[in-house]
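User: Hi! I'd like to go through this structure label by label and hear the reasoning behind each one. Could you take me through it?

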Amino acid sequence: MTILITGGTVVGATGRTAADVLIDGERIVAVLEPGSTLLGHDLTASVDTVIDATGKYVIPGGIDAHTHMELPFGGTAAIDTFETGTIAAAWGGTTSIIDFAVQTAGQKVFDGLAAWHEKAAGNAAVDYGFHQIVGGVDADSLAALPKLIDEGITSYKLFMAYPGVFYSDDAQILRAMQVAADTGLMTMMHAENGPAIDVLVEQLLAQGKTDPYYHGVARAWQMEEEATHRAIMLANLTGAPLYVVHVSAKQAVEQLAAARDVGQNVFGETCPQYLYLSLEDQLGASSEEFGAFEGAKWVCSTPLRSKQEGHQHHMWRSLRTNDIQMVSTDHCPFCMKGQKELGLGDFSKIPNGIGSVEHRMDLMYQGVVTGEITLERWVELTSTTPARMFGLYGRKGVIAPGADADVVIYDPNGHTSIGMPVDAEGRPTGKKHHMNMDHAAWEGFEIDGKVDTVISRGSIVIRDDAFHGRAGHGQYLRRGLSQYLG
Ligand code: DUC
Ligand code: ZN
Ligand code: ZN
């Protein structure tokens, strides 16, 4: 199958240019002057499909480097499967995800990994890779870490939060980082002081403060700043590269920036929720059905931060200054009914997570519209840097000959309304998104742009507002070491 995309503006991390893009099979084979011929032949007559992208942007497919399909959490499991989650990703212009395989304490790392391969194999609609969560750092899991590299897994995640679940103490972190420093593995850190947070949770609940809002009160920014600092110091001592996930507090950004300024290999990711949503939004959330518990839809960790304190503003700025290098979703969707509801009367029992895999490209494009970031930075934050950070660049993250033909045509004159459609009486009439959640965490968000066409490894998966892909098209991505580390 050959495809020629004509008339569009090809946008990359370093610039934009009018060009035609020729795809043969699963790869991009040429980026050409608009209207180019081949040995005098009209190219449009020689290919199977011509897509007119006039007035539209042609960008490398989005890479969401932080998703949790089917993650067991809080007595339930994230509601998207690899099939539903990757179909939703495709609708939103994301053509690769990196999900987290899970090892829990006492389990063999390679058993946890095998379980994730089983969930994903034959079910994904777009390409997928894995990071490895290590929920139990011991002699056995430490010995397994270097072997992950041969499996195409070059990054692993530790948690300074969730005592009794995924938590690692400083001694465990130090030992894991020593292995990482020797092997080039990227340590991904959930940086919140879990034991201290648990004390605050207990005290708030004892005072009868049980609403979702108090989740964010307990997980105060000091908890994030302190843990971020500690992780940076342990990484500094060991020489391990560090990537802090879902950064939400401006003070945590400052810790990362200070470490980067002195040359430490430290990186940070934020998520759309920390750019657009706030603790005040959560406090004000209410619905007929759930009352103040409506705020549970935004319970995630790290939590939403106070707008008054300026975290959102600072986070956009850090994207411009490169103090934060990329945007992932931490897609971890739960329904309100039967899942988030587990925390009625006790915010600490609300499963943590927001579903956004379908909306990340749009939400970040709106940052281009509002002038927060440039078009090129949009591509860099959502595709090129994730590819480089996690050893996929060249194959993914760029429109260039030889790269996988993962291409999104984005229409800046289109429009996207996010949310659940309602009838004249305001009753929900179904869902607009393709994620499995029963609610829209991004209700009412209007985007001045639209995903027009999505191509995954040379196959058209979204076109004319329809899904043309299939579960099983997505392939496992063996990743190399981070391409920021030389
Ligand atoms: N944070 C979330 O919001 N959900 C899953 C795990 C995490 O760290
Ligand atoms: Zn986390
Ligand atoms: Zn996560």
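User: What distance separates the zinc ion (ligand 2) from the zinc ion (ligand 3)?

Analyst: In this predicted model, the zinc ion (ligand 2) and the zinc ion (ligand 3) are separated by 3.7 Å.

User: How do you know that K157, H190 and H246 coordinate the zinc ion (ligand 2)?

Analyst: By distance. An N, O or S atom within 2.8 Å of the metal is taken as a donor. For the zinc ion (ligand 2), NZ of K157, ND1 of H190 and NE2 of H246 sit at 2.1 to 2.3 Å, so they satisfy that cut-off.

User: Why is the site of the zinc ion (ligand 2) called irregular?

Analyst: The angles among its four donor atoms run from 81 to 127°. Four donors count as tetrahedral if all angles lie between 85 and 135 degrees, so the 81° value rules that label out. Square planar would need opposite donors over 155 degrees apart, and the angles here go up to 127°. Anything else is irregular, therefore that is the label.

User: What spacing do the donor residues of the zinc ion (ligand 2) have in sequence, and what do K157 and H246 tie together?

Analyst: The pattern reads K-x32-H-x55-H. K157 belongs to strand 15 (residues 155-159), while H246 sits in the loop between strand 17 (242-244) and helix 9 (250-261), so the pair links parts 89 residues apart in sequence.

User: Are K157 and H246 buried or exposed?

Analyst: Buried means under 20% relative accessible area. K157 has 1% and is therefore buried, and H246, also at 1%, counts as buried too.

User: What does UniProt list for K157?

Analyst: An unreviewed UniProt entry lists K157 as "modified residue: N6-carboxylysine". Such annotations may be inferred rather than shown by experiment.

User: On to the other ion. What makes H66, H68 and D330 donors of the zinc ion (ligand 3)?

Analyst: The same kind of check works here. NE2 of H66, NE2 of H68 and OD of D330 lie 2.0 to 2.2 Å from the zinc ion (ligand 3), and the limit is 2.8 Å, so they qualify. Their spacing in sequence is H-x1-H-x261-D. H66 lies in strand 10 (residues 62-67) and D330 in the loop between strand 19 (326-327) and helix 13 (360-369), so this pair connects parts that are 264 residues apart in sequence. Both H66 and D330 are buried.

User: Which residues surround ligand 1?

Analyst: Among them are K157, H190, H246 and D330, along with S301 and N352.

User: How do you know that H190, S301 and N352 have polar atoms close enough to ligand 1 to count as contacts?

Analyst: The pair of N or O atoms has to be within 3.5 Å. A polar side-chain atom of H190 is 2.9 Å from an oxygen atom of ligand 1. A backbone N or O atom of S301 is 2.7 Å from a nitrogen atom of ligand 1, and a polar backbone atom of N352 is 2.9 Å from a nitrogen atom of ligand 1. Each of those distances falls within the limit, so they count. As for cover, ligand 1 taken alone exposes 240 Å², and the protein buries 99% of that.

User: What else does N352 do with its side chain?

Analyst: It makes a polar contact of 2.5 Å with the side chain of S301, and the N352 side chain also reaches the backbone oxygen of I350 at 3.0 Å. N352 is found in the loop between strand 19 and helix 13. With a relative accessible area of 9%, N352 is buried.

User: Why is the peptide bond between S301 and T302 called cis?

Analyst: Its omega is about 0°, and the bond is cis. Most peptide bonds are trans. T302 is in the loop between helix 11 (279-284) and helix 12.

User: What makes phi noteworthy at L39 and D465?

Analyst: Most residues other than glycine have a negative phi. L39 has a positive phi near 45°, and D465, not a glycine either, has one of about 55°. L39 lies in the loop between strand 6 (37-38) and strand 7 (41-42), and D465 in the loop between strand 24 (459-463) and strand 25 (466-467).

User: Why are L39 and D465 called exposed, and N322 partly exposed?

Analyst: Exposed means over 50%. L39 reaches 81% and D465 has 54%, so both earn the label. N322 has 30%, which lies between the 20% and 50% limits and therefore makes N322 partly exposed.

Notes
Residues numbered from 1 in each chain as written. Chains lettered and ligands numbered in written order. Predicted model: local features only at pLDDT ≥ 70, side-chain atom pairs only at ≥ 80, totals over all residues. Heavy atoms only, no water. Donors = N, O, S within 2.8 Å, 3.2 Å for Na, K, Ca; no water. Tetrahedral: all angles 85-135°; square planar, octahedral: opposite > 155°, others 65-115°. Helix = DSSP H or I, 4+ residues; strand = E, 2+ residues; numbered from the N terminus. Buried < 20%, exposed > 50% of the residue type's maximum accessible area, 1.4 Å probe, protein only. Near = heavy atom within 4 Å. Polar contact = N/O pair within 3.5 Å; in protein donor to acceptor, adjacent residues only side chain to side chain. Areas by Shrake-Rupley, 256 points an atom, 1.4 Å probe, with all protein chains shown as cover.
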